[in-house]
Amino acid sequence: RATGAATFTSITLTGNAITLAGGAGLTITLGEASAVTTLGAFAGSGAAQIDSTRRSAGGALDIAALGATRVNSSTLSGGTVGVSGAGITLTGSRATAAGNLAAQSSGGFTAQVTALRAGGVLGVNAGGAIAITGESATGGSIALTAATGLALTNTTLTASQPQGIFGTAGAGGALTLTNAQLSAPVVTLIGGTGAGVLGSTVAAADALGISSGGDLRVNPSRLTGRTIALTAGGGLVVQDSSLIAAQDITLLAQRGGFGIGNSSLAAGGVTSVTGAGASSLGTATLNAEFAAFRTTGTLALGPVTAVIGSQLIFAGEGGITSTGTITVTPRAPTSRFPAVVFDTRFGAATSPTAFLAQPDLPGLPPTAQPTQRAEIPEDIARTGDDAAIDADVVLDGEGHAGQATDGLAGSDLRIHGSGGETNLEGSLAGRGGIAAAEFGDASRPIAPGLLQRFRVNDCAVSAINCVVLPPVMVVP
């Protein structure tokens, strides 16, 4: 014990419990010929530094300092391992605990090219930021809690127990995964000011959740889980990525739009994507029983290829446009054909009306299908005045009537509401050209002038030979 600084060089320590303390600071530097065994406690009132050291304890191994703690090119092991200090830096080291491994820093925590192993909980708690680079960490569960930022770079985290992996950047920091590999039963990641998953793979056997108080970006990465939930306080971007869920995928941009590009979303159940501003879905591959893409702003669609079981909904209160063909194939082509709904009314992002459209059944005429025009109720939402729909859609019936190579193809077209306008091309009920318009209609009575806003192959819907017949009143 020293009241000032203490330095130990090339020493051998053996004992049931050994305590080394330096009032102003403590440094141990041991060569390969030196050894420290059964070291119980290592403390310094100032800074603590361990260089090129091998230290092991049958029970608890604790390293504590009131100042900064640095562990360089060292190997630490014990029944449990604890490291604490005003700031912690691990470089080129290895720490192994049969039970829990805990790092507690009142400042930041930095680990570079380090291996951490814990049979129980592997926990890092920092009053500042956590930055981990080139690390391999394995634990029963892993908990990384930072106050001002969490960054994982070229890092592999693996957890085996049900608690899985938990990481939070704190309210004042961002979450960043760069070329990281995470695997656990459950993965929960939280970014305060923002979150980015870049070139990474995150796999959860059960739930995978990533949230951010600000924007959230996934690009390019692979996310898998039983369920996947991405929640952004700002905007949400998924680019050049794949999301695969055994059950549901839920994406939510609370105060911004969503952007999904050159990506695939595959869900055994429901895919739900919701935005609060201008949004886009382009060059995307979808596979779901039910899928809905909804926003309070505009919705821009690029080429979309979708395999859908029951319904595919596109809702953009500011209007819907397309720069590529939207191709929809039934998930089970021999049993039913999915309903595809475009909705541009005010309130479309939250209105339940679009969900009432049911898939068509093969072999039945339009008048016998589960959903009929007159069965769609009036919507309590206000009708938009300027929102428009401009899209090319292909409903691929796997050889049944309604298949087309370009443009709109379906057995029936239903217009609900009278605001905005549509501009569609293709075929209905196997009819192309001007004959297709006859197989579209409005769900409620509408003036002929308003019908001109909704066109198929340049003819107003319900028009016969491209002529809209005037209303007929029978006078007794």
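Here's a short back-and-forth about this predicted model.

Me: How many strands does the chain have?
Reply: Count up the secondary structure and you get a single helix. The rest of that tally is strands, and there are 51.

Me: Is Thr168 buried or exposed?
Reply: Thr168 sits in strand β24, which covers residues 165-168. Its relative accessible area is 13%. The cut-off for buried is under 20%, so Thr168 counts as buried.

Me: Which residue's backbone nitrogen does the side chain of Thr168 reach?
Reply: Leaving out residues up to four places away in sequence, Thr168 touches Leu144, Thr145, Ala146, Leu150 and Ile190. The backbone nitrogen in question isn't from that list: at 3.3 Å from the Thr168 side chain, it belongs to Gly170.

Me: Where is Phe346 found, and is it buried or exposed, or in between?
Reply: Look between β43 (339-343) and β44 (388-395): Phe346 is in that loop. Its relative accessible area comes to 33%. Buried needs under 20% and exposed needs over 50%, so Phe346 is partly exposed.

Me: How far apart in space are Phe346 and Gly319?
Reply: Along the sequence, Phe346 and Gly319 are 27 residues apart. Going C-alpha to C-alpha, the separation in space is 10.0 Å.

Me: What share of the chain's exposed area do carbon and sulfur atoms supply?
Reply: The chain has 476 residues, and 50% of them count as buried. What the chain exposes adds up to about 19000 Å². Of that area, the share from carbon and sulfur atoms is 56%.

Notes: Residues are numbered from 1 along each chain as its sequence is written. This is a predicted model: local features need pLDDT of at least 70, side-chain atom pairs count only at pLDDT 80 or more; totals for chains, interfaces and linings use all residues. Side-chain values use heavy atoms; hydrogens and water are left out. Helices (H or I, at least four residues) and strands (E, at least two) are DSSP runs, numbered from the N terminus. Buried means under 20% relative accessible area, exposed over 50%, partly exposed in between (1.4 Å probe, protein chains only). A polar contact is a pair of N or O atoms within 3.5 Å; within protein, one must be able to donate a hydrogen and the other to accept it, and residues adjacent in sequence count only if both atoms are side-chain atoms. Contact means heavy atoms within 4.5 Å. Accessible areas come from the Shrake-Rupley method with a 1.4 Å probe; for residues, only the protein chains shown count as cover.
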